[in-house]
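The following paragraphs lead the reader through one structure, step by step. Please keep the sequence and the model in view while reading.

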Amino acid sequence: MPSQKIYLLFQASVLETFDMYRQNSRAATEAGGILLGHVRGEHVEVIQATQPQAGDVRHRMRYERNDPGHQTEADLMWKQSDGEIRYLGEWHTHPEDWPSPSSVDMDGWRYRALARQDGRATLSVIVGRVGLYVSLVDGQGETTLFQECQSS
Ligand SMILES: [Zn+2]
C-alpha cells in the first residue's frame, strides 16, 4: 500500500487543554475527553478537546469517559457550526513521559472505529508527561501512527 501523508493540526487551545491535565504529579489521575474538529481531504484539524467531567472514571492508570456531557458538548458544537465541527476521536492522559497505548486502549479504539456508522477514521491521542501518541484507526481497524505533530 502506498504511504499517504495525512496532516494533523492541533489548535493552540487544544494543546492548552492537554497541558492542563498532564500527569506531572504523583497523585494526578488520568483525564480525557472527545476531540472535535474538521477533516478536509487529508487534513485533520483538531479544534476542541472536551475536558474531564464529574461522571468520568479517573484513576492513576485508568480513564473512562462515562459522563454524557462530552457527547452533549459535541452535539452542540456540531449544531452551532452547521456540521463543520464534528467528532474526530478520543484523548486521554498517561502517567509516562512518552506514552504508548495499553492493550485496553487499542482494543477500545478498534472497537470504536469498527462501530462507526460513517466508516470514517477515528483519531486517538494519548497525552504523556512530555510527548503525545497520535494514531488514526480506519473503518477496517487498521492503525496509522503519526510521526510528527505540528501545533498552530
Ligand atoms: Zn490509556
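**A covered strand and its surroundings**

Glu-90 has its place in strand β6. The model is a predicted one, and this residue serves as the point of departure. Is Glu-90 buried or exposed? With a relative accessible area of 9%, Glu-90 falls under the limit of 20% and therefore counts as buried. The strand around Glu-90 is mostly covered as well, since seven of the eight residues of β6 are buried.

Which residues, beyond the neighbours within four places in sequence, are in contact with Glu-90? They are Gly-33, Ile-34, Leu-35, Arg-65, Arg-112, Leu-123, Ser-124 and Val-125. Several of these names return when the pairing of the strands is considered. Strand β2, which comprises residues 32-40, pairs with β6 in the antiparallel sense over six bridges. Within this arrangement, Leu-35 stands opposite Gly-89 of β6. Strand β7, residues 122-127, also pairs with β6, here in the parallel sense and over five bridges. The bridge partner of Glu-90 in β7 is Ser-124. In a regular strand, side chains alternate between the two faces of the sheet.

The next step leads from the strand to a helix. Helix α1 spans residues 12-21, and its buried residues include Val-14, Thr-17, Phe-18 and Tyr-21. These four lie on the same side of α1, because the arc they cover around the axis is only 100°.

Aromatic rings continue the path from here. The model contains four aromatic pairs. One of them is formed by Phe-10 and Phe-18, an edge-to-face pair with 5.7 Å from centre to centre and 75° between the planes. Phe-10 and Phe-18 are both buried. Another pair joins Phe-18 to Trp-91: the ring centres are 5.2 Å apart and the planes meet at 50°, so this pair is tilted. It links distant parts of the chain, as Phe-18 belongs to helix α1 and Trp-91 to strand β6, 73 residues apart. Phe-18 and Trp-91 are likewise both buried. Through ring pairs, Phe-10, Phe-18, Tyr-21 and Trp-91 are linked into a cluster.

A metal site comes next. Which residues coordinate the zinc ion? The donors are NE2 of His-92, NE2 of His-94 and two OD entries of Asp-105, at 2.0 to 2.5 Å. Along the chain these donors follow the spacing H-x1-H-x10-D. His-94 and Asp-105 link distant parts of the chain: His-94 is in the loop between β6 (86-93) and α3 (103-115), whereas Asp-105 is in helix α3, 11 residues apart. Both of these residues are covered, His-94 being buried with a relative accessible area of 7% and Asp-105 being buried with 12%. The angles among the four donor atoms run from 55 to 153°. Four donors count as tetrahedral if all angles lie between 85 and 135 degrees, so the range found here does not fit that class. The site of the zinc ion is irregular.

One last residue deserves attention, and it lies in a loop. Asp-82 is found between α2 (69-80) and β6. What is the accessibility of Asp-82? Its relative accessible area is 72%, over the limit of 50%, and Asp-82 is therefore exposed. Most residues other than glycine have a negative phi. Asp-82 has a positive phi of about 55° although it is not a glycine.

Definitions and conventions: Residues are numbered from 1 along each chain as its sequence is written. This is a predicted model: local features need pLDDT of at least 70, side-chain atom pairs count only at pLDDT 80 or more; totals for chains, interfaces and linings use all residues. Side-chain values use heavy atoms; hydrogens and water are left out. Donors are N, O and S atoms within 2.8 Å of the metal (3.2 Å for Na, K and Ca); water is not among the atoms, so sites may look incomplete. Four donors count as tetrahedral if all angles lie between 85 and 135 degrees; four count as square planar and six as octahedral if opposite donors are over 155 degrees apart and all others between 65 and 115; anything else is irregular. Helices (H or I, at least four residues) and strands (E, at least two) are DSSP runs, numbered from the N terminus. Buried means under 20% relative accessible area, exposed over 50%, partly exposed in between (1.4 Å probe, protein chains only). The arc is that of the directions from the helix axis to the C-beta atoms. Contact means heavy atoms within 4.5 Å. Rings of Phe, Tyr and Trp (its six-membered ring) pair if their centres lie within 6.5 Å; planes under 30 degrees apart count as stacked, over 60 as edge-to-face and the rest as tilted. Two strands pair if DSSP finds at least two bridges between them.
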